[in-house]
Amino acid sequence: MQFHHHGYVSGDPRVQPAAGIGLDRAAELPDEMDVLIVGAGPAGMIAAAQLAQFPGISARLIDRRPGRLEVGQADGIQARSVETFQAFGFASRITEEAYRITEMCFWKPDPQNPENIVRTARTPDDPHGISEFPHLIVNQARVLDYFAEYARNAPGRLEPDWGWEFVTLEVGDEGEYPVAVTLRRASGPDEGTERVVRAKYVLGADGARSRVRESIGRRLEGDQAFHAWGVMDVLAETDFPDIRTKCAIQSHDGGSILHIPREGNHLFRMYVDLGEVAPDDNGRVRLTTQEEVEARANRIMHPYTLTVKHVAWRSVYEVGHRVTDKFDDVSDDELGARTPRVFIAGDACHTHSAKAGQGMNVSMQDGWNIAWKLAHVLEGRAPESLLDTYSAERQEIAVNLITFDKEWSALMAKKPEEMEDPSQLEDFYMKTIEFPAGFMTQYKPSMIVGGDEHQDLAMGFPVGKRFKSNAVMRVCDANPKHLGHHHRADGRWRIYVFADAAAAGEASKTAELADWLATSPASPVVAYTPEGADIDAWFDVKVVYQQDHTQVEMDRVPSIFLPKVGPYGVVDYEKVYAADPEDDIFEARGISRDGAIVIVRPDQYVSHVLPLDGTDELAAFFAGIFQRQPAAV
């Protein structure tokens, strides 16, 4: 965490100085705004938190609830999400209060006595070391609290406008604020009162029954598995030995349980298989009582027993797999004629079972993806065509999620004798571990994702996939750090320069690249950084040398890696790193000893890999994204 560069900070450094909109934030919802976010769930809240970093952007977040969510339905936090929390500054705090999953146990019918279940396997949660971040369980409400805190402490001082319900919208052809949105008061003395606000853009993160989705003519399409589950968060007395370990339990009669311990060391969640649902059930299965769910759980767990003492939350649901064909309001016959004005995210555009723990996690990546792109367009950094990439990227991810969840849900619902192999369930879990962890996402080439023609220079950083961090040594103070952990949700692009074999200060391709980045009119740093802004305001340029940190002399490091920032022009020393001799990033991430440039987007996905002398390609790549800023008057 960096602070003091704008003067001495005596209070909480996580509270950034208010600026722009945040200096005089209107208490009441204004008539006009840049972005209106509908729904304060995971997708909406992360979008608000990101947009609050841009004090020149007027963003508002509405929700029909009268206040914060108190009991969250989602609770599984995949490693990619914790990685995202790191960017928003609260990974360590939420990890401390969460339950950490380190292994999963599989229980099946005892071959000698099929009416009883026995433990048949234990599998580590991350056997391949996919991430340095843990797999957590924590109440969704706490996740939203942390994002709300981040938005409240950001320069834009964004806070939700509670008690406003979305009614409908219309997209006009003219005017600075072309989207007219009708809202209705959902609570308070003026409940039922309607008003119209206008926005440049609208993000609908208002759940599976999204009215925003309906207003732009999009529909969730897919199928229903006609299989029901009862889910309960409970305090209970039990003799089941793995009650504090994540478990998949299959009984002799085909019923199954997905068991998940909750944070706090006492509460746990059970997804209890209620069996097949008739096509003409018409939702009657949702009337299943808590007593029936508990009885079913006891039959599945035999010979162990479960006596529920307190129910914190419960629900009954049918598995459905649906996704919309597009995540914005541009119809097929409008493609190329206009750019989107309305977007949908999260459950508004993809629904599936809860057992893979993907709903909240995928929704957050939706919200982050569109938020930084909206900020780029609204600030004039990038053309509106950037917004076309949101639906193109995220809709395909949703389809992949549905495909995965169908297979996982089907396996969970199978009877043991229906399995092709007795270990099919645990084998699938181990084989696909990277997907539920959130790391299988790989965006295709576009204006913000390059090709793979230079991928061999950094095999451990696949283009289109998230930047997988690794240990390095910070040269200035000999502190071991994870390189990617400095990638904060500040809207900046990262340009990582992995140096060739030459030492700092010696003639080399690294030195030539550093000079080009600092002085060439074609350099993105020179071409696009606004006049008067810090040189690293839009591009965070870091170098990693191959030598031990004791062999890197700071006074020989090129100036582009030691930028002067803030009103006092103090040097930022946190951009110069060396390979950690105990965990060499060049070896760990397959980086060529000839060096490489790795470009990373604001949402931590690798955009391009280039050679150190690939300055023409580097300039051309950013020329396809950024717009030159007007000179100061």
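Trainee: Where does UniProt place the feature "domain: Phenol hydroxylase-like C-terminal dimerisation"?

Mentor: The unreviewed UniProt entry puts that domain at residues 441–629. Keep in mind that this is a predicted model.

Trainee: How much helix and strand does the chain have over residues 441–629?

Mentor: Helix accounts for 15% and strand for 21%. The end C-alpha atoms of that stretch are 33 Å apart.

Trainee: Now helices. What span should helix α7 have at 1.5 Å a residue?

Mentor: Helix α7 covers residues 359–378, which is 20 residues, so 28 Å is expected. Its end C-alpha atoms lie 29 Å apart, in agreement with that value.

Trainee: How many residues of α7 are buried?

Mentor: Buried means under 20% relative accessible area. In α7, 19 of the 20 residues are buried, so the helix is largely enclosed by the rest of the structure.

Trainee: Which residue just after α7 takes a positive phi?

Mentor: Gly380 does, with phi at about 85°.

Trainee: On to aromatics. How is a pair of aromatic rings described?

Mentor: Two quantities are used: the distance of the centres and the angle of the planes. A search of the whole structure gives 29 aromatic pairs. Take Phe90 and Phe147: their ring centres are 5.1 Å apart and their planes stand at 90°, so this pair is edge-to-face.

Trainee: Where do Phe90 and Phe147 lie?

Mentor: Phe90 is in the loop between α2 (79–87) and α3 (91–97), while Phe147 belongs to helix α4 (residues 140–153). The pair therefore ties together parts 57 residues apart in sequence.

Trainee: Is Phe90 buried or exposed?

Mentor: Phe90 counts as buried, at 1% relative accessibility. Phe147 is buried as well, with a relative accessible area of 0%.

Trainee: What is the geometry of the rings of Trp372 and Trp493?

Mentor: Their centres are 5.8 Å apart and their planes are at 90°, so the pair is edge-to-face. It links distant parts of the chain: Trp372 sits in helix α7 and Trp493 in strand β21 (residues 493–498), 121 residues apart. Trp372 is buried, its relative accessible area being 0%. Trp493 is also buried, at 0% relative accessibility.

Trainee: Which residues form one aromatic cluster with Trp372 and Trp493?

Mentor: Tyr528, Trp538, Phe539, Phe621, Phe622 and Phe626 join Trp372 and Trp493 in that cluster.

Trainee: Last one. Which residue lies over the face of Phe439?

Mentor: Arg466 lies there, at 3.7 Å from the ring centre. For Arg, the CZ atom is the one to check against the ring.

Conventions: Residues numbered from 1 in each chain as written. Predicted model: local features only at pLDDT ≥ 70, side-chain atom pairs only at ≥ 80, totals over all residues. Heavy atoms only, no water. UniProt positions renumbered as here; feature names shortened; annotations may be inferred. Helix = DSSP H or I, 4+ residues; strand = E, 2+ residues; numbered from the N terminus. Expected span 1.5 Å × (residues − 1). Buried < 20%, exposed > 50% of the residue type's maximum accessible area, 1.4 Å probe, protein only. Phe/Tyr/Trp six-rings, centres within 6.5 Å; stacked < 30°, edge-to-face > 60°. Lys NZ or Arg CZ within 6 Å of the ring centre and 35° of its normal.
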